[in-house]
Amino acid sequence: MPRYIIDESALKRNLEVLKGVSDRTGVKILLAQKAFSCTAVYPLCAEYLAGTTASSLFEAKHGHDNFGGETHVFAPAFIPEEMDELLGLVDHIVFNSPRQVALYGERARKRGVSAGLRVNPEVSVATTPAYDPCRPSSRLGTTRAVLDESGFFLAAKDAKSAKVDGLHFHCLCEQGLDELRKVLAGFEEKFGELLPLMKWVNFGGGHHITREGYDVEGLVALLNDFRTRHPHLEVYLEPGEAIALNAGTLESRVLEIQPKGADGVSNAILDTSAACHMPDVIEMPYTPPLVGAEKGAGGPYAYRFGGPTCLAGDEIGVYSFKHKLCEGDTVVFGDMAIYTMVKNNTFNGLNLPDIVLRHIDGSEVLVRRFGYADFACRL
Ligand SMILES: *Cc1c(COP(=O)(O)O)cnc(C)c1O
């Protein structure tokens, strides 16, 4: 049975870095649950972070019920039937367009929920279009031109008459400080004149703050500079990846090793699947790190890892080992806490991996084991 193992000490290291940033800047940091929603470690995360952000009613409820702190939500368009329940759960709601604000803004504020508008600064820094919310014709966020056409802010003379309390932008994906600088400059150039009317600004996610080499000192300086220039604004960051980056592994077993192919590489069938258990490997796409092996066919023993599904493209990648791999061996994929458990599925009837928590003292507890019922109940 494959296992996702969440490593509490690695998680804690990330959380300490993030808390250091909030302590030194007064900026509030939220967990974007889209990347990582492991309920068992929410109490630990809640000691370090200000709350959660969600992209749906279910995520909002999950954060509200299990994490506490502030609950924020953004969606490109909200589902009318869910609005009532959603407004009972969240502290902030971020709308994608002036039209959505017109539909729900007043209702939100009457319920004591702070309303915001997601803007699109039109600064493309993400490296692939699928992860670039500022790509041409993007549906995410309101551009300055659309805002002007809507006449949205024209009537507002002060914070009281403004239709929203805050602005939100999210343009980064696994990126560093240089990209944030570019995006923030674009945001302030296009939307800066509205900031005196606002109470808060949310800088979105995609900040790879806990990655080795990230310029944390530079981020602290940038945030303090922004706060000095806009002392009336509360500032939020809502990273997902950065919270659980490199804080989990996926352990899998080698079921069968096939003879070497024409390219000198043997196919090795594992009991874990890219398509089911690490969908980003195919979607993004990327090759995950593997403990004790190099990526590529460069070493003496090279294997192409694939899943036990019938999908020809269910391949994880080619890896080289110094030693021969045997059937029954365990292999360990790195950085498997984020965008895995939140995205996995039971395609082909494959069971889901166990979820295991490795405590700081090294002891392991099984948090969740799945079975036939988890597959059958959705069909
Ligand atoms: C995806 C997303 C995040 C989190 O992004 P990460 O890359 O995981 O840090 C935050 N905010 C919004 C609006 C998002 O869509």
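Trainee: In this predicted model, is Glu188 buried or exposed?
Mentor: The place to begin is helix α7, residues 177-191, which holds Glu188. The relative accessibility of Glu188 is 18%. Because the cut-off for the buried class is under 20%, Glu188 counts as buried.

Trainee: Which residues does Glu188 touch, leaving out those up to four places away in sequence?
Mentor: Glu188 belongs to helix α7, and residues up to four places away in sequence are set aside in this list. The contacts that remain for Glu188 are Phe226, Arg229 and His230.

Trainee: What is the relative accessible area of Asn202?
Mentor: Asn202 is part of strand β8, which spans residues 200-202. Leaving aside neighbours within four places in sequence, Asn202 is in contact with several residues, among them Leu30, His72 and Phe169. Asn202 is classed as buried, and its relative accessible area is 1%.

Trainee: How far does a polar side-chain atom of Asn202 lie from the backbone nitrogen of Gly204?
Mentor: This pair joins a side chain to the backbone: a polar atom of the Asn202 side chain and the backbone nitrogen of Gly204. The distance between them is 2.8 Å.

Trainee: What distance separates the C-alpha atoms of Asn202 and Val94?
Mentor: Along the chain, Asn202 and Val94 are 108 residues apart. In space, their C-alpha atoms are separated by 9.5 Å.

Trainee: Which class of exposure does Ser124 fall into?
Mentor: Ser124 is located in the loop between β6 (114-118) and α6 (144-150). Its relative accessibility is 44%. The buried class needs a value under 20% and the exposed class one over 50%, so a residue in between is partly exposed. Ser124 therefore counts as partly exposed.

Trainee: Which residue has a side chain joined to that of Ser124 by a polar contact of 2.7 Å?
Mentor: Apart from neighbours within four places in sequence, Ser124 is in contact with Asp132, Cys134 and Arg135. With Cys134, the side chain of Ser124 reaches the backbone oxygen, at 3.2 Å. The side-chain partner at 2.7 Å is Asp132.

Trainee: Where in the chain is Glu122 found, given its positive phi?
Mentor: Glu122 has a positive phi of about 55° although it is not a glycine. Its relative accessible area of 43% makes it partly exposed. Glu122 is found in the loop between β6 and α6.

Trainee: Is Asp335, which also lies in a loop, buried or exposed?
Mentor: Asp335 is placed in the loop between β15 (330-333) and β16 (354-358). Asp335 has a positive phi of about 55° without being a glycine. At a relative accessibility of 18%, Asp335 counts as buried.

Trainee: Which omega value does the peptide bond from Met284 to Pro285 have?
Mentor: Pro285 lies in the loop between α11 (280-283) and β12 (294-295). The peptide bond that leads from Met284 into Pro285 is cis, with omega near -20°.

Trainee: Which residue shares a polar side-chain contact of 3.0 Å with Arg304?
Mentor: Arg304 lies in strand β13, residues 301-306, and is buried, with a relative accessible area of 18%. Not counting residues up to four places away in sequence, Arg304 touches a set of residues including Asp263, Asn267 and Glu315. The side chain joined to that of Arg304 by the 3.0 Å polar contact belongs to Asn267.

Trainee: Where does the ligand sit, and how many residues surround it?
Mentor: The ligand sits in the largest pocket. Lys34, Gly206, Glu238, Gly240 and Tyr339 are the closest of the residues that surround it. Their full number is 13.

Trainee: How much of the ligand's accessible area does the protein cover?
Mentor: A polar side-chain atom of Lys34 lies 2.8 Å from an oxygen atom of the ligand, and a backbone N or O atom of Gly206 also lies 2.8 Å from a ligand oxygen atom. For the side chain of Tyr339, the distance from an N or O atom to an oxygen atom of the ligand is 2.7 Å. Of the 380 Å² of accessible area that the ligand has on its own, the protein covers 89%.

Note on methods:
Residues numbered from 1 in each chain as written. Predicted model: local features only at pLDDT ≥ 70, side-chain atom pairs only at ≥ 80, totals over all residues. Heavy atoms only, no water. Helix = DSSP H or I, 4+ residues; strand = E, 2+ residues; numbered from the N terminus. Buried < 20%, exposed > 50% of the residue type's maximum accessible area, 1.4 Å probe, protein only. Polar contact = N/O pair within 3.5 Å; in protein donor to acceptor, adjacent residues only side chain to side chain. Contact = heavy atoms within 4.5 Å. Near = heavy atom within 4 Å. Areas by Shrake-Rupley, 256 points an atom, 1.4 Å probe, with all protein chains shown as cover. 1 Å grid on protein atoms, 1.4 Å probe; cavity = no way out; pocket = protein on both sides within 12 Å on 5 of 7 lines; lining within 4 Å. Sits in = over half its atoms within 2 Å of the grid points.
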